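User: Please take a close look at one part of this model: a pair of helices and the sheet they pack on. Keep it brisk.

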Amino acid sequence: MTQTEWAADSKAAGQVVIATYETYAEAERAVDHLSDQGFPVERTAIAGRGLSLVEQVTGRMTNLRAAGQGALNGALVGGLFAWLFGFFNWITPLMSLLLLVLYGALFGAVAGALFGLAGHALSGRRHDFSSVSAMQADRYQILVDTASADEALRLLDQTPTAP
C-alpha cells in the first residue's frame with residue numbers, strides 16, 4: 001500500500017497523520033508531550049510503516065543445545081505444575097511441597113530434553129541455528145482523530161527539542 005493509499009484509508013477511518021518520526025522513541029516522546037499538555041491521547045495512535053521482519057541469529061543449534069534448551073523449559077514447566085498441585089495440599093508439611101517441586105522439575109527436565117532433541121532431529125537439519133524474530137518499521141506516524149488534528153498539531157509545535 002502506498003503512502004497516498006494509506007492516507008486515504010486513514011482519512012476514511014477518521015484519523016489523519018500529523019507527524020512522522022524515524023524512531024519509535026521519538027513518536028512516543030511526541031505522544032507523551034501531547035499527554036503532558038492535556039491532549040486526550042486516547043484519540044491518537046502510533047503506526048509503524050514500512051514493516052520488515054528481522055531475524056537475529058543467536059547461535060548454532062546443536063543436539064546438545066537443543067536438549068539443553070528443552071531441559072530448561074521442561075524443568076520450569078514441570079516445577080510450576082508440581083508447585084501448583086502441591087500448593088493446595090495444606091495438610092502435609094512444606095518439605096513435601098519442596099520435594100514435589102524438585103521431582104516435577106527433574107521429570108520436566110528429562111522430558112523436555114527428550115522432546116527438544118527429538119524436535120531438532122525431526123527438523124532434518126534445515127534449521128541448524130537459533131534465532132529471535134522482531135518486527136521493525138522504517139518510520140512511525142502519529143495518527144489523530146480528524147476533529148482533534150489542529151489542536152494536536154498546535155501542541156506538537158510547542159514540543160521542546162531533545163538534547
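Analyst: Start with the helix pair. The axes of H2 and H5 come within 10 Å and cross at roughly 105°. An angle of 65 to 115 degrees counts as roughly perpendicular, so H2 and H5 are roughly perpendicular to each other. Note that this is a predicted model.

Next, the residues at the crossing. H2 contributes Ala-30, His-33 and Leu-34. H5 answers with Ala-152, Leu-155 and Leu-156. Sorted by class, the H2 contact with H5 holds five nonpolar residues, one polar residue and no charged ones.

Now H5 by itself. Its buried residues are Ala-149, Ala-152, Leu-155 and Leu-156. Viewed down the axis of H5, they fall within an arc of 130°, so they line one face of the helix. The general rule for spacing is this: an α-helix has 3.6 residues a turn, so residues three or four places apart point the same way. Ala-152, Leu-155 and Leu-156 appear among the buried residues of H5 and also in its contact with H2. The buried residues of H5 pack against S1 and S5 as well as H2. On the face turned away from the buried side, H5 carries Asp-150 and Asp-157, both exposed.

That brings in the sheet. It is open, has three strands and runs in the order S1-S5-S2, with antiparallel pairing. Strand S1 (15-21) and strand S2 (44-49) are the edges, and each pairs on one side only. Neighbouring strands are turned by 30° against each other on average, direction ignored.

One pairing deserves detail. S1 and strand S5 (residues 139-145) are antiparallel partners over six bridges. Within this pair, Ala-19 stands opposite Ile-142 of S5.

How do the two helices sit on the sheet? H5 spans residues 149-157 and packs on the sheet, touching S1 and S5. The direction of H5 makes about 20° with that of S1. H2 covers residues 24-36 and lies across S1, S2 and S5. Its direction is at about 170° to S2. Angles over 145 degrees count as roughly antiparallel, so H2 and S2 meet that description.

Look at Tyr-24, which is placed in H2. Tyr-24 is partly exposed, with a relative accessible area of 42%. Setting aside residues up to four places away in sequence, Tyr-24 touches Ile-46 and Tyr-140. Tyr-24 and Gly-48 are 24 residues apart in sequence, yet their C-alpha atoms are 8.1 Å apart in space.

Finally, the setting. The protein chain has five helices and five strands. Along the sequence they follow the pattern α-β-α-β-β-α-α-β-β-α. Of the 163 residues in the protein chain, 30% are buried. Take the contacts between residues at least 6 apart in sequence: 84% of them join residues at least 24 apart.

For a point outside this helix pair, take Tyr-103 in helix H4 (residues 94-122). Tyr-103 is exposed, with a relative accessible area of 53%. Tyr-103 and Ala-75 lie 28 residues apart in sequence and 9.4 Å apart in space, C-alpha to C-alpha.

Technical notes
Residues numbered from 1 in each chain as written. Predicted model: local features only at pLDDT ≥ 70, side-chain atom pairs only at ≥ 80, totals over all residues. Heavy atoms only, no water. Pairing = 2+ DSSP bridges. Helix = DSSP H or I, 4+ residues; strand = E, 2+ residues; numbered from the N terminus. Axes fitted to C-alpha atoms, helices over the stretch in contact; angles between N-to-C directions. Contact = heavy atoms within 4.5 Å. Parallel < 35°, antiparallel > 145°, perpendicular 65-115°, else oblique. Nonpolar A, V, L, I, M, F, W, Y, C, P; charged D, E, K, R; others polar. Buried < 20%, exposed > 50% of the residue type's maximum accessible area, 1.4 Å probe, protein only. Arc of directions from axis to C-beta.
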